[in-house]
Amino acid sequence: MNKQNGKTGRVYLIPSTLGDMAPLEVLPISIKQTIEQLDYYVVENEKTARHFIKKISPRKSQPSLKLSVLNKFTEPQEIPGFLNPCLEGYDVGILSEAGCPGIADPGAAVVKIAHEKNIQVIPMVGPSSILLALMSSGMNGQNFAFNGYLPIDSSERKKYIKNLERKSKEDNQSQVFIETPYRNNKMLEELIKSLAPSTRICVAADITLPTEYIKTKTAINWKRENVDLHKRPAIFIIQA
């Protein structure tokens, strides 16, 4: 266990893989070294976090791990307590379910409190599906916006898509968003129907996995494409 004698512990933002694969194929060795030093973690799901830690560091003692769970069921008043180990001199790792903590991830709530408590925050290198998708899209990487999930209601979603298209055209801005994996096919259908024929759509699915699929086409050309995105983690990007 890594304790800072006489000092406040630090918060490490630890990326994880974007799917079930060998961690060190996409993560630097520094992730393994950090995990081997830490026993305190803030995670979204205890079972999958333990599985990831065991996969990247098989010799790590599982009984020594002290995991605090942060997800949609966590009460806000619980979150400050997750950093108590830092105040006692121990480093804490924030571990995302997939990709980078704090980006489309509840870990941002802990990082906010860390700054308020003057606790050092250390981001670590790892895959971000949002940035990897944007890198490979051919769209504007200097001016872009991540919009999270779009509205579920069909009419609201269509209006939202048109607004994103308008903003993209006015500001020359790439518009990035995600969808629940089992609704991916419906999302692509909606984009093809709602967007102008010349508006470009990038679909980036299963990023870093053997089944990786990344294509950018105009809305009219997507009509000729046959792809099944059902239950595949995907990023959508549009640019008018």
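Hi everyone, this is a short walk through one predicted chain, from its overall build down to a few single residues.

A word on ground rules before we start. The model is predicted, so local features need pLDDT of at least 70 and side-chain atom pairs count only at pLDDT 80 or more, while totals for chains, interfaces and linings use all residues. Residues are numbered from 1 along each chain as its sequence is written, and side-chain values use heavy atoms, with hydrogens and water left out.

Let's begin with the whole chain. There are eight helices and ten strands; these are DSSP runs numbered from the N terminus, with helices being H or I of at least four residues and strands being E of at least two. Along the principal axes, the C-alpha atoms fill a box of roughly 60 × 35 × 30 Å. Of the 240 residues, 46% are buried, where buried means under 20% relative accessible area, exposed means over 50%, and partly exposed is in between, using a 1.4 Å probe and protein chains only. About 12,500 Å² of the chain is exposed, and carbon and sulfur atoms supply 51% of that; the areas come from the Shrake-Rupley method with a 1.4 Å probe, and for residues only the protein chains shown count as cover. If we take contacts between residues at least 6 apart in sequence, 74% of them join residues at least 24 apart, contact here being heavy atoms within 4.5 Å.

Now to the open sheet. In which order do its five strands sit? They run S3-S2-S4-S1-S5, with parallel pairing; two strands pair if DSSP finds at least two bridges between them. At the edges you will find S3 (66-69) and S5 (121-123), each pairing on one side only. On average, neighbouring strands here are turned by 25° against each other, direction ignored. For angles in general, axes are lines fitted to C-alpha atoms, for helices over the stretch in contact, and values run from 0 to 180 degrees between N-to-C directions.

Two helices to look at on this sheet. Helix H2 (residues 46-56) packs on it, touching S2 (40-43), S3 and S4, and its direction makes about 140° with that of S3. Helix H4 (residues 108-116) lies across S1, S2, S4 and S5, running at about 140° to S5.

Please zoom in on S4, residues 92-95. S4 pairs with S1 (residues 11-14) in the parallel sense over four bridges, and S2 and S4 also pair in the parallel sense over four bridges. On the S1 side, Val11 stands opposite Val92 and Ile14 stands opposite Leu95. On the S2 side, Tyr40 has Val92 as its bridge partner. In a regular strand the side chains alternate between the two faces of the sheet. Here Val92 and Ile94 point one way from S4, Gly93 and Leu95 point the other way, and all are buried.

Next stop, Pro127, in the loop between S5 and helix H5 (129-135). Is Pro127 buried or exposed? Pro127 is buried, because its relative accessible area is 7%. Leaving aside neighbours within four places in sequence, its contacts are Pro15, Ser16, Leu18, Val26, Leu27, Gly99, Cys100 and Leu132. Cys100 is 27 residues away along the chain, yet the two C-alpha atoms are separated by 6.6 Å.

Let's move further along the chain. Strand S8 (200-205) has five of its six residues buried, so S8 is largely enclosed by the rest of the structure. S8 pairs in the antiparallel sense over six bridges with S9 (residues 213-218), and also in the antiparallel sense over six bridges with S10. Among the facing residues, Ile201 stands opposite Lys217 in S9, and Ala204 has Ile235 in S10 as its bridge partner.

Helix H7 (residues 184-194) has several buried residues, including Met187, Leu188 and Leu191. The buried residues of H7 pack against H6, S7 (174-178), S8, helix H8 (219-222) and S10 (234-239).

One last residue, Arg157, placed in helix H6 (residues 154-171). Why does Arg157 count as buried? Because its relative accessibility is 5%. Not counting residues up to four places away in sequence, Arg157 touches Leu150, Pro151, Ile152, Lys186, Met187 and Glu190.

Thanks for listening, and feel free to turn the model around while we talk.
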